[in-house]
Amino acid sequence: MDLIFIEGFIGETVIGIHESELHKPQPVVIDVQAGVQRARACDTDRIHDTIDYSVVCERLRRLLVEHRLQLLEAFAETVATILIDEFGASWVRVKVVKPKKFSDVSAVGVQIERVRPIADTPSARGGAAVLRLIGSGMVPGTH
């Protein structure tokens, strides 16, 4: 598996559960690792055969503006879902940090890992189609 990563993405967003957090954007730092099965770009040298960092960064910027989440956990889950669903990652690790949230702590945050469900992989979808045919009494390759 090849890992594509973005470290130290800095943005601002309104997120939190306390009244002091709900009216003004605060800084967050996002680290993302996205695993892809041997990126075709290794052979083709074409950006369309991998995950484009610039497109992911633009999507993160949009998410920071559009979301209405309160918890970093839910925000990290949304980032993971975007990487799997929109960018085709097989595995992701997402870390979201509020730097200097408290005067005596350098940062607080969450880190999650998610894996694309096996049923969502192209080979699994093909296998499921064959099983549906067999279940309906139709066997591929027979007349």
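In what sense do β3 and β4 pair, and over how many bridges? I put this question to a predicted model, and I found that β3 and β4 pair in the antiparallel sense over 10 bridges.

**Entry 1, the hairpin.** I looked next at the connection, and noted that β3 and β4 form a hairpin with 2 residues between them. For a reference point in the register I took K95, which stands opposite Q111 in β4.

**Entry 2, the whole sheet.** I then followed the strand order, and recorded an open sheet of 4 strands in the order β1-β2-β3-β4, with antiparallel pairing. The edge strands are β1 (2–13) and β4, each of which pairs on one side only. On average, and with direction ignored, I have neighbouring strands of this sheet turned by 15 degrees against each other.

**Entry 3, the other end of the order.** I went on to β1 and strand β2 (residues 26–36), which run antiparallel and are joined by 10 bridges. Within this pair I marked F9, which stands opposite I30 in β2.

**Entry 4, helices on the sheet.** I checked where the helices lie, and found helix α2 (residues 53–66) across β1 and β2, running at about 30 degrees to β1. Helix α3 (residues 72–85) also packs on the sheet, where I list β2, β3 (91–102) and β4 as the strands it touches, and its direction makes about 40 degrees with that of β4.

**Entry 5, helix against helix.** How do α2 and α3 cross, and within what distance do their axes come? I noted that the axes come within 11 Å and cross at roughly 145 degrees, and that α2 passes α3 in a right-handed crossing. On the α2 side I wrote down V56, R59, L60, L63 and L64, which meet F75, T78, V79, I82 and L83 in α3. Sorted by class, this contact of α2 with α3 has 8 nonpolar, 1 polar and 1 charged residues.

**Entry 6, R116.** I turned last to the loop between β4 (105–115) and α4 (122–135), where R116 is found. Is R116 buried or exposed? I count R116 as buried because its relative accessibility is 16%, and the limit for buried is under 20%. I then searched for backbone partners of its side chain, and found that the side chain of R116 reaches the backbone oxygen of I84 at 2.4 Å and the backbone oxygen of A89 at 3.3 Å.

How values were computed
Residues are numbered from 1 along each chain as its sequence is written. This is a predicted model: local features need pLDDT of at least 70, side-chain atom pairs count only at pLDDT 80 or more; totals for chains, interfaces and linings use all residues. Side-chain values use heavy atoms; hydrogens and water are left out. Buried means under 20% relative accessible area, exposed over 50%, partly exposed in between (1.4 Å probe, protein chains only). A polar contact is a pair of N or O atoms within 3.5 Å; within protein, one must be able to donate a hydrogen and the other to accept it, and residues adjacent in sequence count only if both atoms are side-chain atoms. Two strands pair if DSSP finds at least two bridges between them. Axes are lines fitted to C-alpha atoms, for helices over the stretch in contact, and angles run from 0 to 180 degrees between N-to-C directions. Contact means heavy atoms within 4.5 Å. A crossing is left-handed if the near helix is turned anticlockwise from the far one by less than a right angle, and right-handed if clockwise. Ala, Val, Leu, Ile, Met, Phe, Trp, Tyr, Cys and Pro count as nonpolar, Asp, Glu, Lys and Arg as charged, and the others, Gly among them, as polar.
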